[in-house]
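Thanks for asking me to look this one over. Could you open the model alongside my comments and check each point as you read?

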Amino acid sequence: MTDALLQDLWFHRADDVVLDTIAIRDELVTVQAAATTGRAECPACGTTSTRVHSRYVRRLDDTAAGQRRVVIELQVRRFRCRQQACPQATFAEQVPGLTFRHGRRSQGLQSALQQVALMLAGRAGARLAGALAAPVSRSTLLRLIRALPESAPTTPRVLGVDEFALRKGQVYATILVDIETRRPVDLLPDRTVETVARWLTEHPGVQVICRDRSASYAEAGRLGAPDAIHVADRWHIWKNLAEAVEKTVVHHRALLHEPPGTTADHPAPPADGSLPTLTEASPRCTGRLSDRIREQHVAVHTLLETGIALREITRRLDLARNTVRRLAHATDPDELLVGKWTGRASILDPYKPYIHQRWAQGCTVARRLFEELQERGYPGGEQVVKAYVRKLREAFPQSGPPRRKPSTRDVTSWITRHPDSLDEDQNQRLQEVLARCPVLDRTAQHVRAFAELMNNRHGHQLKDWIAQVQADSIPALHTFTAGLGQDLDAVIAGLSLRYSSGAVEGHNNKIKMLKRQMFGRANFDLLRKRVLHAA
C-alpha cells in the first residue's frame, strides 16, 4: 500500500514508470525510478522502435516535497532507429507527462516555473522559486518565457485598439484586445498607421473597431478594415469634455471665490477681551479630584447631622483636621472646586483682543497664534496660549476657520461628476459658484445634457447638442465640438452602441505592472509573451 501511494505521488501523470527507492539526505529527496515502456518513437522520422541500444540515468529536478528539493534519478533506454536513411541513428525514450527532450526538470516543475516567470519575470520570480525549494536564476526564467510557443492571434469580431508606453514620453506600442472576451489578442511594437493597418489586413474579419480619437488609429482602421464600424471610446470623449470644462473654469476663476462681506462670519469673541464664559468661576465637574471632594463633602455633612464632633469625624474618615473643617464650612462642594487663581489677571490679557481678531479671520492654530504674539512682544509660554485657544473652541463651537476656497479642479470635478455623488456642502458651493458666473452655469447645463445623452445611448441626438453648444458663446466647448465633428461618425457610434474600450484600459494597467522588470524596446518580445500567455 505504501509503495502504491508513493508511486501515485510522484508518477501519477506518467504510466510507464516504476518507483524503486526513495532516499532522504538533509534537504534533498532522491527518487530512483526506471522507465518500463517496450518501444519508443523516433523524434526525427516517427518510426517506432523496440531495439534497445543502451541505458543511462537522467537526473530531473521535480517539485519540492516538504520544503525539500526533489531529484528524480530516472533510468531510461536509448533505442536504435530502424530506418537506415534516418539521420538519427539512436534516440532516447521520453516518458509522457514526466520528461521532454533535453530537459533537466520534470514537466510538472517546468510548467510551474513557466507560470512563475509569466507572473513575476526575472528577479522576483527567482526569489519565489528559491523559497519553493526549486532554485533557478532569473536568466533561466526569462529563457522559459522566450521558449513559450508562439500562438497565432485570433481575429476578434470587436477589436479594441489603444496605445501604451514602453518608455513614457519616448517609445509607445499598441495593444489589441478582444472586447467581447476582454482578452488581449496581440501587441504591436509601435503605434504607426502602417503597422496597425498591416495587422488588420493580415487578419480580416474585424467588424467593429473600438479606439480613442487618435487620427493615426482612425486612418489605420480605414486602410486595414475599410468595412469596419469605428466606435470612439466614451471614456476618452468624456475626458476631452472635462478638459474643455476646465479651460472654461480657468477663464472665469476670478468668480470662483466668494466676494468679501457677502456672507456673515461665524460668531467670534468680542474685541475688548470680555469673555464671561471664560473668566467667571466655574467649578470642576469631572475628574478624580472632583469626585473625591464631593464624596468627602457628603460623608462629613452626614456625620455632622448625627451630632458627631469634628475631632471624631477626623478620626473616622482619616482626614486632616483643616480638610474636615473646610468641608464642614462649605454648604456646597462646588465652592471647593473653584480654582484659587480664578479672576486673577493673566499675562495673556493684553493680547486677547488680537487673538480674538485673528480667530474671527479664521486663524485657530495655537502654534501660529503663539508665534504672532511673540512678534508683538508676548513674554509668556506657548501652553498659556494653547489653554486659552482650547477655551475659545469650547465657548464658540460654531466658530472656526472659513471654508477653503474652491479651486479650479474642485469646480471642474463638481460640474463633471454625477449630482448624486456630491455631498450637501459640495452641491451648495457649486450652486453658489454657478449663481455668480452665468457662463459656468450654462456650461454645467451643457455637461448635464451630454451626460444624459451618453448614459442613455442617444447618439442620434448629438448633432442637436452640438448645435445648442455652438449657439452659446463658450469658446472651449466650441473647440470640443469642432473636434467631435472631425470624427463624428465614430463619436455617434460610441454614444449609441454598447461597445467600449474599458477592457483595453484594464490591460494597460496590467502592462504597467508587468513591465516594471523590463525596460526599453529590447524586451518587447518578452513583454508580449507575458501579456498574451498570462491573460
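Here are my numbered points, going from the whole chain to single residues.

1. A word on the overall picture before the details. This is a predicted model, and please keep that in mind throughout. The protein has 535 residues, of which 42% count as buried. Its secondary structure amounts to 22 helices and twelve strands.

2. Next, contacts and surface. Among contacts in the protein with a separation of 6 or more, 60% are made by residues 24 or more positions apart. The exposed area of the protein is about 30,600 Å². Carbon and sulfur atoms contribute 49% of that area.

3. How many disulfides does the whole structure contain? A search turns up zero. You may wonder about Cys45, whose closest cysteine sulfur is in Cys81, 3.5 Å away. That distance is too far for a bond, because a disulfide needs the two sulfur atoms within 2.5 Å. Cys45 is partly exposed, at 38% relative accessible area. Cys437, on the other hand, is buried, with a relative accessible area of 1%.

4. Now to a helix pair that I would display by itself. Helix H7 covers residues 234-251 and helix H19 covers residues 475-486; their axes come within 8 Å and cross at roughly 155 degrees. An angle over 145 degrees counts as roughly antiparallel, so H7 is roughly antiparallel to H19. The crossing of H7 past H19 is right-handed.

5. Which residues of H7 and H19 meet? From H7 come Ile237, Asn240, Leu241, Ala244, Lys247 and Thr248. Their counterparts in H19 are Ala476, Leu477, Phe480 and Leu484. Selecting both groups together will show you the contact directly.

6. A second helix pair is worth viewing in the same way. Helix H17 (residues 438-455) and helix H18 (residues 462-470) have axes that come within 11 Å, with a crossing angle of roughly 175 degrees. That makes this pair roughly antiparallel as well: H17 runs that way relative to H18. On the H17 side, the residues in the meeting are His446, Ala449, Phe450 and Leu453. On the H18 side they are Leu462, Trp465, Gln468 and Val469.

7. Please look at Phe11, which is found in helix H1 (residues 2-11). Is Phe11 buried or exposed? Its relative accessibility is 4%, so Phe11 counts as buried. Leaving aside neighbours within four places in sequence, Phe11 is in contact with Val17, Leu19, Val31, Ala33, Ile72 and Leu98. Phe11 and Gly97 are 86 residues apart along the chain, yet their C-alpha atoms are separated by 8.4 Å.

8. Ala197 can be treated similarly. This residue lies in helix H5 (residues 193-202). At 10% relative accessibility, under the 20% limit, Ala197 is buried. Beyond neighbours within four places in sequence, Ala197 has contacts with Ala220, Leu223 and Gly224. The C-alpha atoms of Ala197 and Ala218 are 9.9 Å apart, and the two residues are 21 apart in sequence.

9. Where does Leu148 lie? Leu148 is in the loop between helix H4 (138-146) and strand S8 (158-167). Although placed in a loop, Leu148 counts as buried, at 8% relative accessibility. Leu148 and Arg530 are 382 residues apart in sequence, while their C-alpha atoms are 9.6 Å apart in space.

10. My last point concerns backbone angles. Most residues other than glycine have a negative phi. His102 is not a glycine, but has a positive phi of about 60 degrees. His102 is in the loop between strand S7 (90-92) and helix H2 (107-120), and is exposed, with a relative accessible area of 74%. Asp318 also has a positive phi, near 55 degrees. Asp318 is in the loop between helix H10 (310-317) and helix H11 (321-329), and counts as exposed at 68% relative accessibility.

Notes:
Residues are numbered from 1 along each chain as its sequence is written. This is a predicted model: local features need pLDDT of at least 70, side-chain atom pairs count only at pLDDT 80 or more; totals for chains, interfaces and linings use all residues. Side-chain values use heavy atoms; hydrogens and water are left out. Buried means under 20% relative accessible area, exposed over 50%, partly exposed in between (1.4 Å probe, protein chains only). Helices (H or I, at least four residues) and strands (E, at least two) are DSSP runs, numbered from the N terminus. Contact means heavy atoms within 4.5 Å. Accessible areas come from the Shrake-Rupley method with a 1.4 Å probe; for residues, only the protein chains shown count as cover. Axes are lines fitted to C-alpha atoms, for helices over the stretch in contact, and angles run from 0 to 180 degrees between N-to-C directions. Angles under 35 degrees count as roughly parallel, over 145 as roughly antiparallel, 65 to 115 as roughly perpendicular and the rest as oblique. A crossing is left-handed if the near helix is turned anticlockwise from the far one by less than a right angle, and right-handed if clockwise.
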